[in-house]
Amino acid sequence: MDYFEFRNGEMYAEDVSVLRLAERHGTPLYVYSRATLERHFRAFDDALAGLEHMVCYAVKANSNLAVLQTLARLGAGFDIVSGGELQRVLKAGGRADRVVFSGVGKSEDEIRFALESGIYCFNVESEYELELIDVTARLMGKRASIALRVNPDVDAKTHPYISTGLKNNKFGVDIATAEQLYLRAARMSGIEILGIASHIGSQLLEVSPFLDALDRVLALVRRLADAGITMRHIDVGGGLGVRYHDEKPIAPADWAAAIKPKFEGLPVRVLTEPGRAIAGNAGILVTRVLGIKGGEDKRFAIVDAAMNDLIRPTLYQAWMDIVPVVQQGEGRETQTYDIVGPICETGDWIGKDRALAIATDDLLAVRTAGAYGFTMASNYNSRPRAAEVMVDGDAETLIRARETFDDLVRGETLLP
Ligand SMILES: Cc1ncc(COP(=O)(O)O)c(C=O)c1O
Ligand SMILES: N[C@@H](CCCC[NH3+])C(=O)O
């Protein structure tokens, strides 16, 4: 559910007209709803009530500072995958001691920055990384808290590009060899073992892969306990899906109800790292129809948003809902369009074969664009990145200004 609704045929973001937002801030424009972000975070937090837990919002989904600040104020933890994301969390007022640092390729600089900042835990993804964290921590006179991110080899039944927990995915430590690595870690003086993590993929629409992965993780937890290594937390990774089209997402409460019995009698803290399920439906991308071309065989609506603004359709053949911001019948016949951007790539499309009653200058909203929208944007074709606006009730704040042409050449040097 979200707070983008139609009133008298016109789309509203909470209590603000999307048409007005586009007039004020131009297009393409990302619009976020603060109430939606808050409600989704609370849905996870409430669902895990009764268990000691920490909901670590996956910053990669949407790292706008105001988004992070909104969640930090609710007491969120954060899942980061780079030093840049840590910087953003700290700048937004997030607490370092609620940060877990995932990612397959942490650099020494990033590890040092995380240790200096006092993060809660590194999710370690390989033996060489464990060694690097150990050495770095010792040189700094510190001990690094870690969890091993184990790869449970479970099919999450999602798009191959966003599956993370299969043996042939690059993520994590093979669960079969993890016990040996824990035993090594236990002997490292720069390392303190805190827990165990796994992550099986994103946009998951079934609970069973979570349960399969958890069973494998818990079997390892028991073996480790026998070896004298106790886990203080278990990070149950795997991102709940959202509705882009006709998917039936799992509610956080149902997910929590399914996993809770597994933790009965286990004195551990439960962590989870939702990104898309918190931010996805909290955002739309507003774009203007620049013109229409083609005829009977093929019609294109050229819009001012492109794959540099929203790459999900191009990258994953993702279906994203596209709706007119103002539903107006007059002078508009419903036709089938490919909705394409101005970028010089055949693959630059936002939607294909969409039946829409639209005309030049109309505004369209791409729904469920709050996650992996702006964060995956680029300057390809030297296009300035879009502005971002946060709506809160009937108030709005420009939380990131549109880039200018000057921004596009800033920081570069001509040869002498
Ligand atoms: C380790 C880790 N944490 C969190 C996420 C966020 O996933 P989602 O946005 O599906 O919740 C991902 C993405 O797959 C991930 O790999
Ligand atoms: N960027 C992906 C999800 C990646 C999840 C992170 N491992 C998407 O837009 O669906």
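In this predicted model, the protein chain is divided into two domains: domain 1 spans 4–32 + 280–409, and domain 2 covers 103–272. Taken over C-alpha atoms, the centres of domain 1 and domain 2 are separated by 36 Å. Where the two domains touch, domain 1 contributes eight residues and domain 2 contributes five residues. On the side of domain 1 that faces this contact, four residues are nonpolar, three are polar and one is charged.

The domain arrangement also helps to place one of the ligands. Ligand 2 is surrounded by Lys60, Ile162, Thr164, Ser202, Gln203, Arg312, Tyr316 and Tyr372. Because domain 1 (4–32 + 280–409) and domain 2 (103–272) both give residues to this shell, ligand 2 lies between them. By class, the shell around ligand 2 comprises three nonpolar, three polar and two charged residues.

Turning to ligand 1, 17 residues surround this molecule, and the closest are Ala58, Ser202, Gly239, Gly275 and Arg276. The shell around ligand 1 divides into six nonpolar, eight polar and three charged residues. Readers following the two sites side by side will meet Ser202 twice, as it is listed among the closest residues to ligand 1 and also among the residues around ligand 2.

Two helix pairs complete the picture. Two packed helices are described by the angle between their axes and the distance between the axes. Helix α5 (residues 108–117) packs on helix α6 (residues 127–139) at an angle of about 55°, and their axes are 10 Å apart. With angles of 35 to 65 degrees falling in the oblique class, α5 and α6 are therefore oblique to each other. Their crossing is right-handed. From α5, the contact draws on Glu108, Ile111, Arg112 and Leu115, while α6 supplies Leu132, Ile133, Thr136 and Ala137. Sorted by class, the contact of α5 with α6 holds five nonpolar, one polar and two charged residues.

The second pair is formed by helix α2 (residues 34–47) and helix α3 (residues 65–73), which pack at an angle of about 45° with their axes 10 Å apart. This angle makes α2 and α3 oblique to each other as well, and α2 passes α3 in a right-handed crossing. Here Arg34, Leu37, Glu38 and Phe41 of α2 meet Val67, Thr70 and Leu71 of α3. The contact of α2 with α3 has four nonpolar residues, one polar residue and two charged residues.

Terms used: Residues are numbered from 1 along each chain as its sequence is written. Chains are lettered from A and ligands numbered from 1 in the order in which they are written. This is a predicted model: local features need pLDDT of at least 70, side-chain atom pairs count only at pLDDT 80 or more; totals for chains, interfaces and linings use all residues. A residue is near a molecule or strand if its C-beta atom, placed from the backbone, lies within 6 Å of it. Ala, Val, Leu, Ile, Met, Phe, Trp, Tyr, Cys and Pro count as nonpolar, Asp, Glu, Lys and Arg as charged, and the others, Gly among them, as polar. Domain bounds come from an automatic or database domain assignment. Two residues are in contact if their C-beta atoms, placed from the backbone, lie within 7 Å. Axes are lines fitted to C-alpha atoms, for helices over the stretch in contact, and angles run from 0 to 180 degrees between N-to-C directions. Helices (H or I, at least four residues) and strands (E, at least two) are DSSP runs, numbered from the N terminus. Angles under 35 degrees count as roughly parallel, over 145 as roughly antiparallel, 65 to 115 as roughly perpendicular and the rest as oblique. A crossing is left-handed if the near helix is turned anticlockwise from the far one by less than a right angle, and right-handed if clockwise.
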